[in-house]
Every structure is written in structure tokens, then in C-alpha cells.
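The following paragraphs lead the reader through the salt bridges of one protein model. Please keep the sequence and the structure in view while reading.

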Amino acid sequence: QVQLVESGGGLVQAGGSLRLSCAASGRTFDTYTMGWFRQAPGKEREFVAAIHRTGIGTYYADSVKGRFTISRNNAKNTVYLQMNSLKPEDTADYYCATVRYGSRTITDYCGQGTQVTVSS
């Protein structure tokens, strides 16, 4: 069993930055590829980024490529999402979850989310 808790969301102006964190419980964190997803009001949840369990190998949605960076620290059981050059359309609830490497779908576990609001 893995529990995921996101933090770091908030209100930021367009062009600003935020860093999201996702802390995982359990001793198997380093066996999972981890991903970030987001869901805007009235829209379906969408894939944002993912990182291989080793930290080597990442991939992104086209909408965030070049602006967002996913990373992880397996010693701290934590995955991060550095978000730069934020746009109002990035406003959403952001979730971390386990994924299968190369895919864009959630597998076993997903957190409760953290809210990000980008004002224009």
C-alpha cells in the first residue's frame, strides 16, 4: 500500500512559479514510475509529466514541455513538479500517481490533490 500526499499548491500570478511536492509512504516508492496529472474545473483529468522509478527518464505533455520539470528523491520518498512560466490555463487540481512507464494513465495509487490557481 502506498499513500500519496501532495503539497505546494497556491495562488500565483501568470508568469510565476510554483513547486509541488508529493510525499509517499511505504518502502516501495522506488519501484514505481511516478506521474503528475491535473484536472481543471469542468474538464477531464489529464496527464502532465512522469518520471521513471530510477529518476532517469522523463516525459511530458506538450502543453507543459519546456515550462515544467518533474524530479524525484527516492531517499525522501518524494516526487516534485517545478512549474515555471505559469499560465492561467494551468489552473487545476494537481495529483501525483503511480503510472506505467511510457503510459499516461494512472495505475495503482493516486493522491488527493493540491490546488493551483494562476491569475492573469
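A salt bridge is taken here as a side-chain nitrogen of Lys or Arg within 4 Å of a carboxyl oxygen of Asp or Glu. The model is predicted, so that local features need pLDDT of at least 70 and side-chain atom pairs count only at pLDDT 80 or more, whereas totals for chains, interfaces and linings use all residues. Residues are numbered from 1 along each chain as its sequence is written, and side-chain values use heavy atoms, with hydrogens and water left out.

Searching the whole structure yields 4 salt bridges. One of them joins Arg-67 to Asp-90, with 2.7 Å from N to O. This pair links distant parts of the chain, 23 residues apart: Arg-67 lies in the loop between β6 (58-60) and β7 (68-73), and Asp-90 in the loop between β8 (78-83) and β9 (92-99). Strands are DSSP runs of E with at least two residues, numbered from the N terminus. Both Arg-67 and Asp-90 are buried; the term buried means under 20% relative accessible area, exposed means over 50%, and partly exposed lies in between (1.4 Å probe, protein chains only).

Arg-67 and Asp-90 also belong to one network with Arg-38 and Glu-46, joined by salt bridges that share partners. Within this network, Arg-38 and Glu-46 form a salt bridge whose closest N and O atoms are 2.6 Å apart. Arg-38 is buried, at a relative accessible area of 5%, while Glu-46 is partly exposed, at 35% relative accessibility.

A further salt bridge pairs Asp-62 with Lys-65, and the closest N and O atoms there are 3.1 Å apart. Asp-62 and Lys-65 are both exposed.

Conventions. Helices (H or I, at least four residues) and strands (E, at least two) are DSSP runs, numbered from the N terminus.
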